[in-house]
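Please read the following explanation alongside the sequence and the coordinates, moving between the two as each element is named.

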Amino acid sequence: MLKKTTIDKLPELAAALMEKGTLVAPVKEDAGFNFREITDAKQVDLIFHNTIISPKSAFFPQVEDFVRYQTGKSILEAAPVELNLKPTFLFGVRPCDVKSFQIMDIHFSGTGVVDPYWQKRREATTIFGFAFDMNEAADAAEFYHTLGIGAADPEGSDIFMVRKDDILMLKVITPKGEKLMTGLSFLTDASADEIKYFDDYITKGYDYKTCYTCVDTEAIAREFEAIFDNADFWTKISDACLSCGVCTFVCPTCYCFDICDETLFSQGTRRRVWDACMFTDFTLEASGHNPRTKVYQRLRQKVCHKYSYHIRKYGVISCVGCGRCTRYCPVNIDIFSIVEEAVKAKWYKRL
Amino acid sequence: MTENNPYIPMPVEISKVIDEVDSHDIKTFRFTFLNKEDEENFKYLPGQFAELSIYGKGESPIGIASSPTQAGYVEFTVQRAGTIVPGLVTAALHDMDEGGKIGLRGPLGHSWPIEFLEKKDIVVVGGGFAFTTLRSLINFMLHEDNRSRFGEITVIYGARTPGLLLYKDELAQWEKRDDIKTVITVDKGDDTWTGRQGFVPAVCREVAPSPKNTVAVICGPPIMIKFTLPVFFELGFSKENILTSLEMRMKCGIGKCGRCNVGYKYVCSDGPVFSLAQLEELPRDF
C-alpha cells in the first residue's frame, strides 16, 4: 500500500499523529536539526540531512528514572517510576539510524536479560523511516553504504517515506505500520508512476555511494584483535583525542550507561544516565585499580568495541556509518580512517 | 515497572553482622529477605554475585559468600572501600547494624562450573580478602548432600597476618574434618600463631597437588595470582583446569551497561568465572 500527501500538508499529517499519541520528529534548532517531541504540528521539518543527536533517545533517553526514594526512609517506601507511554510515532528517521535500532535490539532485548525500558519504548513506537535525498551528495563523514545499508533502505521501518519534490510517499512495511496507516484517511493513493518511482528509488539507494565500499566485518574484527597490543598505533591515532565522549553521545549504537542516585535535599531518584567509555573513571574500581587510565586505551576500547568485540559477541558491527562521531568530533578524528589504518587497505577499496 | 524489572532491588534485612578481621574493615553481612517470594526466586550457586543497593548511595557488586545449602539467608563479606576511591555503599553498609534494610539485585553472573567440577579432585587456592566465593564453594561441596559428588578437596588459604584471615571459626572446623585437607598459611605470624608461615605460591609448591583429574580454583590479589599460576603449570595443570574469577567496575550486573567488558566478554554476564584458557583468548585489558 503506497499512499501520498504533499509537503505543504505535513502539518496535517503531524496533527493527525499527535491526536493518536506522541509525535517525535526532526525540528530545526539553532545548531541544526534534532528529534523532539512535537508540540506544534508546524514544527515538523523534513528538509534536513540528518539530526545532530541520533534518534536512539526515543528508546534509550539520556535520563531514565528507575525509582524515587527519600533519604532516611526505608527501602520499602521507595517507589519504582512507572512508564506510562502513549503510542509514539518516531517520524523521519534515516535508514542508517533505523538500522541502529535493530542492532540495539539484539543487545537490549534480543539476548540475555531483557531491558524492560528499551522494550516497552520500542513496543509503543511506530517508526517512519525516511530515505536520504539522493539528489544531494552523501555527507563526507558518512559510510553507511560500506556497511550494507541503502540510502533508501526500508528495513526496520514500520512505514517508509520517500520525498519526490513536493510529494511525500508513504509505504506500509509492517502490520504495525498498516494498522496506523489505515487510520490516516486523508492520505491519498499513489499513482502507478509514483509506485514505480518509489520502488526504483529504494533499489537505487543500494547503489548510492558514501565514502567507502567493500568491507568484510569478520576480517575487520580479526584485524583489531591482532592490533590490540600495538600501543604505538593506538597512541598515534589518539594523539589529538580530548576523551570528551561526544562521539559516544551522538552515536546511535553507543549504549553505555551509569546507574546513579541523585538526591536533592531528602528527595532522590535512582536513574540511568548515558555514560561513555571515553571517561577516565568509567572503569575506576573501588580498589583504585583502573585498566584504562590512558586516552589511547579508551579510544581503543571504543573503536574495538564497535568494530571487533560487538561482532564477536553479537555477530554484527556496532556502527551504521551515520558519520556523527566524525562530524562532531572537536579534533576531527575520523573513525573510519582508524578502521582504514587498521586494516591497511586490505579489505576494502576507496572509491 | 516492578515486575521482572532487573534494575529494581528487592528488600532485605541485616540479620547478623560478623566483624571478620582485626583491622575491622571487613565484615560479613547476613541478609534475610523481607518478601518470601524473593527468597524463593533467589536461586544461586557458588561463584555468583549480587548488587548490594542502598538508595542515596548507589550499588556495589559483591560475591556471594554463603552457600545455597544455607537456607533462609544470604551472606556477603564486604570490605569498606575508601583508601583511594570513596566507597559510599560499603561505608554506609559498614555503619549499619542488625535490622538495617537495604536492597539486593541478583543473583548475577555465572557460578563456578559445578557440573564440570563433579567427580574431580578440587584444589581451592585463596589469598586475603578474595576468599568469599571460594568459601561459598567449599561449604557447598562439604554439605552432606553434595560431598559425594566431588573427589578430594584441598584448600590452601593465606592471608598477610593471622588477624586478616576470614571465617576463622569455619577454618577451624574444616581443619578438624577428614574429608577436606585444609592448609592455612600467613605471610607473617604473630606471638600466638602456631600455624604455617609462608606465601601462598610457596605453600602450593610444597603441598604439590596432583593435576590428575583435578581442577584448581584460584582467587587472590594479582600478585598472588601472578606467582601461583606458574606453580600450577609446573605441577602439570592445564589452562582448562585452572579457574578464577575476574573483577571489573560494574553497574547493571546484567550485561547491558557496557562497563565491565574485557574484549568481547562482559565480566558480569559472561563471567565473572573464567578458566585460564578462556582468559587467554581475551585482550589484556583488565
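What follows treats a predicted model, beginning with each chain and ending with the contact between them.

Chain A is built from 11 helices and 14 strands. Its C-alpha atoms occupy a box of roughly 65 × 60 × 40 Å along the principal axes, and its radius of gyration is 22 Å, which agrees with the value near 20 Å that a compact globule of 351 residues would have. Of those 351 residues, 44% are buried. Among the contacts in chain A that have a sequence separation of 6 or more, 72% are made by residues 24 or more positions apart.

A main feature to trace in this chain is an open sheet of eight strands with mixed pairing, in which the order is β3-β2-β6-β7-β8-β9-β1-β10 (chain A). The edges are taken by β3 (32-37) and β10 (188-189) of chain A, and because each of these has a single partner strand, one side of each is left without a neighbour in the sheet. Within the sheet, strand β1 (residues 2-6) of chain A runs antiparallel to strand β9 (residues 167-172) of chain A, the two being joined by five bridges; one point at which to find this pairing is A:Thr6, whose bridge partner in β9(A) is A:Ile167. Against this sheet packs helix α5 (residues 192-205) of chain A, which touches β1, β8 (159-164) and β9 of chain A and whose direction makes about 100° with that of β1(A).

The nonpolar interior can be approached through a few well-connected residues. The largest nonpolar core holds 121 residues, of which A:Val24, A:Phe91, A:Phe128, A:Met161 and A:Tyr307 touch the most other members. When neighbours within four places in sequence are left aside, A:Met161 is in contact with A:Phe128, A:Gly129, A:Phe130, A:Ala131, A:Leu168, A:Met169 and A:Leu170. A second core, separate from the largest one, consists of 48 residues and includes B:Phe150, B:Cys204, B:Val215 and B:Leu243, which leads to the other chain.

The secondary structure of chain B amounts to nine helices and 15 strands. The C-alpha trace spans about 55 × 45 × 40 Å along the principal axes of chain B, and the radius of gyration of 18 Å agrees with the value near 19 Å for a compact globule of 286 residues. Buried residues account for 49% of the 286 in chain B, while residues 24 or more positions apart supply 68% of the contacts in chain B with a separation of 6 or more.

Chain B, too, contains an open sheet with mixed pairing, here of seven strands in the order β10-β9-β8-β7-β11-β12-β15 (chain B). At the edges stand β10 (196-197) and β15 (273-275) of chain B, each with a single partner strand, so that one side of each is left without a neighbour in the sheet. How is β11(B) placed with respect to the rest of the structure? Five of its six residues are buried, and β11(B) is therefore largely enclosed by the rest of the structure.

The pairings of β11(B) can be followed on both of its flanks in the strand order. Strand β7 (residues 121-127) of chain B runs parallel to strand β11 (residues 214-219) of chain B and is joined to it by six bridges, with B:Gly126 standing opposite B:Cys219. The pairing of β11(B) with β12(B) is also in the parallel sense, over two bridges, and here B:Val217 stands opposite B:Leu243. Lying across β7, β11 and β12 (242-245) of chain B is helix α7 (residues 222-235), which runs at about 165° to β11(B).

A residue outside this sheet offers a contrast in setting. B:Glu170 belongs to helix α5 (residues 168-176) of chain B, and since 14 other C-beta atoms lie within 10 Å, B:Glu170 is classed as partly exposed.

Finally, the two chains meet where 38 residues of chain A are in contact with 38 residues of chain B. On the side of chain A that touches chain B, at least two residues each come from β4 (63-70), β12 (257-264), β13 (267-274) and α9 (295-314) of chain A, and β12(A) gives the most, with six residues. By class, that side of chain A has 23 nonpolar, seven polar and eight charged residues.

Methods
Residues numbered from 1 in each chain as written. Chains lettered and ligands numbered in written order. Predicted model: local features only at pLDDT ≥ 70, side-chain atom pairs only at ≥ 80, totals over all residues. Pairing = 2+ DSSP bridges. Helix = DSSP H or I, 4+ residues; strand = E, 2+ residues; numbered from the N terminus. Contact = placed C-beta atoms within 7 Å. Axes fitted to C-alpha atoms, helices over the stretch in contact; angles between N-to-C directions. Buried ≥ 20, exposed ≤ 12 C-beta atoms within 10 Å, placed from the backbone. Nonpolar A, V, L, I, M, F, W, Y, C, P; charged D, E, K, R; others polar. Core = buried A, V, L, I, M, F, W, Y, C linked by C-beta atoms within 7 Å. Rg over C-alpha atoms; globule rule 2.2 N^0.38 Å.
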